[in-house]
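The following questions ask why certain terms are applied to a protein model. Each reply sets a computed value against the relevant cut-off.

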Amino acid sequence: MSCLSSDACTAVGFSQNYQGIQRPLVEVWDGTSWAIQTTPPGKGALSGLDAVSCSSSDACVALGSYENLDTGAQGSFADVWDGASWQSQDIPAHQGATYSFVSGLSCPAVNSCTAVGSYVTATGAEAELIEIWNGTTWSIQNPSSTNGFTNATLSGVSCPAVDSCTAVGSYSNASGVETTLIQTGNGTTWTVQKSSGPKGSANSFLSDVSCSDTVSCTAVGSSSSATGNEAPLVEVWNGTAWKVQPAADPTGADLGAVLNVVSCASAGACSATGSADTESFPSVTFIEQWNGTRWTIQSPAPLIGTVSTSLSAVSCPAANSCEAVGGYAGESGQATTAARWDGTTWKLQATPNPAGAPDSILSAVSCTSADACVAVGSAGSMVGPIPGGQTTLAEVWNGSTWKIQPTPNPTGATDSSLTAVSCTSADACVAVGSAGTTDGSTFGSATPLAEVWNGSVWRIRATPMPRAAVGGADLEGVSCPTTQDCVAVGAYYTQAGPEVLAEGWNGTVWKIQPSQKATNSTLFAVSCTSTLTCIAVGDYENRADQYAPLSEEWNGTNWSTKSAPLPAGANNASLYGISCPAANSCTAVGGDSADDTSGLSATVSEIWNGASWEVQATPIPQKAIGGALASVSCTSTTACAAVGSYTNISGLQSTLAEAEGGE
């Protein structure tokens, strides 16, 4: 990514369709939202952009690589932005190269860019690659002579001026030991500078460099001990010599950690990102920051030991105030998590977990103000009154901290959970879910569960079971337009499969509402703008044996089905969350998949205008192979926040937040 200012950034990567075809992707930030720019399609079935550098708003250069699956040809290419469109350019291959790739790029001026990387020779060895852009064409420059170097690569470059560039990487010496490599260029020639890893290190490399001026550079990477354990490496240039600078090592990274990217606004202000490994879990991201005195870990916990994180629900009492909740999986099980949006950034919050509960999650949240939120979910227990089962969980936010509230569990139930909550004030909330047993017949054993908060205690309120249910029932969503009026939706199970369930609360009792039937159908969420107007969403099985979006509307007397489209190219799709700031304006979110076997999914959003539903495009993070939005909250007809999760190419699940519009 390249940022000219806080409201002008360009990010590059690639997008992948359900057939696995990759195309270059460019998105730009204008201070309010991200927008995709049209790019040339690339040179092969697998084309993506790896680096970008902008010298002005109308001058950007992006570099990438491609592979032609038919011919096996591989190589690099450039896309150049002239302020109006992106144009593709060829990059010359080094003589004798069988394959080359570019990993670093820096453009100090409109007509001056330096790209670095490596190429593979006919013997299979790697060699340094340096390419120069003069505003018209690309040409290859030779690095300084590196006699005795083998497998030399350059991975990052920074040019504070046209005649001052620093490139970093690594090489292997005659003994096969990997050592840091630094080359400096004056626009014409390159010179190797003396550098080395920490004393006693067996191997070391540099992955990126940032120079705030010609006499101040910071390079990052990793060094390893004789036992092979990696630690973050930082080296700094003071205009005369390179010196190793102590870096912070993330707690819990027992298999090592590396720094991959660095950016310095000045010699006393740098930020670097990296990844850490543990014995049981894949790589997780961490951040270090340099304040002119020392490096410190800035990433909010929990990070090390986290396998996956997801956000299940979001509630926004104002455009600049949202609360999201969910859970993360770590070494000791699953724990609750929460994040807060202040109008600028998301920040993780500490959330408590019940004592002795190895698995806890928050499934829903409702906020009546910035300092009054209630979240509900479930907690597993190895000991206590319900060993091995799930118990209901509620937590309250008072503007400073989250605190657990005691919640009841139905008598005899060994598996209870709350999946949705709706609050009309800080002392009036209704939560719904299900309660069942863990006797080996969990499918179909659950009954609907509803609990009411009066500002002091949670109390269970009886919920009816549909007469046609032969396999249990549960409530998935709830919405309360007033303290005395709520609508809850979910499903009950018959021999033929699930059928939609809707129940209404009048402040005293719950009653089943008449609803239309659809084959194998479930309602996951509901939003009511009044006692006479509610929209619920979910999914059903259509005649083509596809799971398609389902929408039903409540008019105060009965429910009627409203057609919701299946996104183009999707074989299955579901809507998991909905928010209606007005009767004729709703946003629903969810996920879709291309087929039943690939496992790939994509985020979905659909808009209701009071008469019909329309699919709305939603972005998905770069290099994500799947994702879904679980919840949405809209403070107006043009401002919504949605949360969920996505899976990257390593199989790691991460939180996902998206925003639409603003006020």
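**Burial, strands and aromatic pairs**

Buried residues account for 51% of the 663 residues in the protein chain of this predicted model. The chain has 0 helices and 51 strands. Its exposed surface is about 28,400 Å², of which carbon and sulfur atoms supply 49%.

Q: Why is Trp 29 called partly exposed?
A: The relative accessible area of Trp 29 is 23%. Buried requires under 20% and exposed requires over 50%, so Trp 29 falls in between and is partly exposed.

Q: Why is Trp 34 described as partly exposed?
A: Trp 34 has a relative accessible area of 40%. The limits are 20% and 50%, and Trp 34 is therefore partly exposed.

Q: What makes Trp 29 and Trp 34 an aromatic pair, and why is the pair called tilted?
A: The structure holds 13 aromatic pairs. In the pair formed by Trp 29 and Trp 34, the ring centres are 5.6 Å apart, and pairing requires centres within 6.5 Å. The planes lie at 45 degrees; stacked needs under 30 degrees and edge-to-face over 60, so the pair is tilted.

Q: What makes the pair of Trp 397 and Trp 402 tilted?
A: The angle between the planes of Trp 397 and Trp 402 is 40 degrees, with 5.8 Å centre to centre. The distance is within 6.5 Å and the angle is neither under 30 nor over 60 degrees, so this aromatic pair is tilted.

Q: What does it mean that Trp 397 and Trp 402 are called buried?
A: Both residues are buried, which means that each has under 20% relative accessible area.

Terms used: Residues are numbered from 1 along each chain as its sequence is written. This is a predicted model: local features need pLDDT of at least 70, side-chain atom pairs count only at pLDDT 80 or more; totals for chains, interfaces and linings use all residues. Side-chain values use heavy atoms; hydrogens and water are left out. Helices (H or I, at least four residues) and strands (E, at least two) are DSSP runs, numbered from the N terminus. Buried means under 20% relative accessible area, exposed over 50%, partly exposed in between (1.4 Å probe, protein chains only). Accessible areas come from the Shrake-Rupley method with a 1.4 Å probe; for residues, only the protein chains shown count as cover. Rings of Phe, Tyr and Trp (its six-membered ring) pair if their centres lie within 6.5 Å; planes under 30 degrees apart count as stacked, over 60 as edge-to-face and the rest as tilted.
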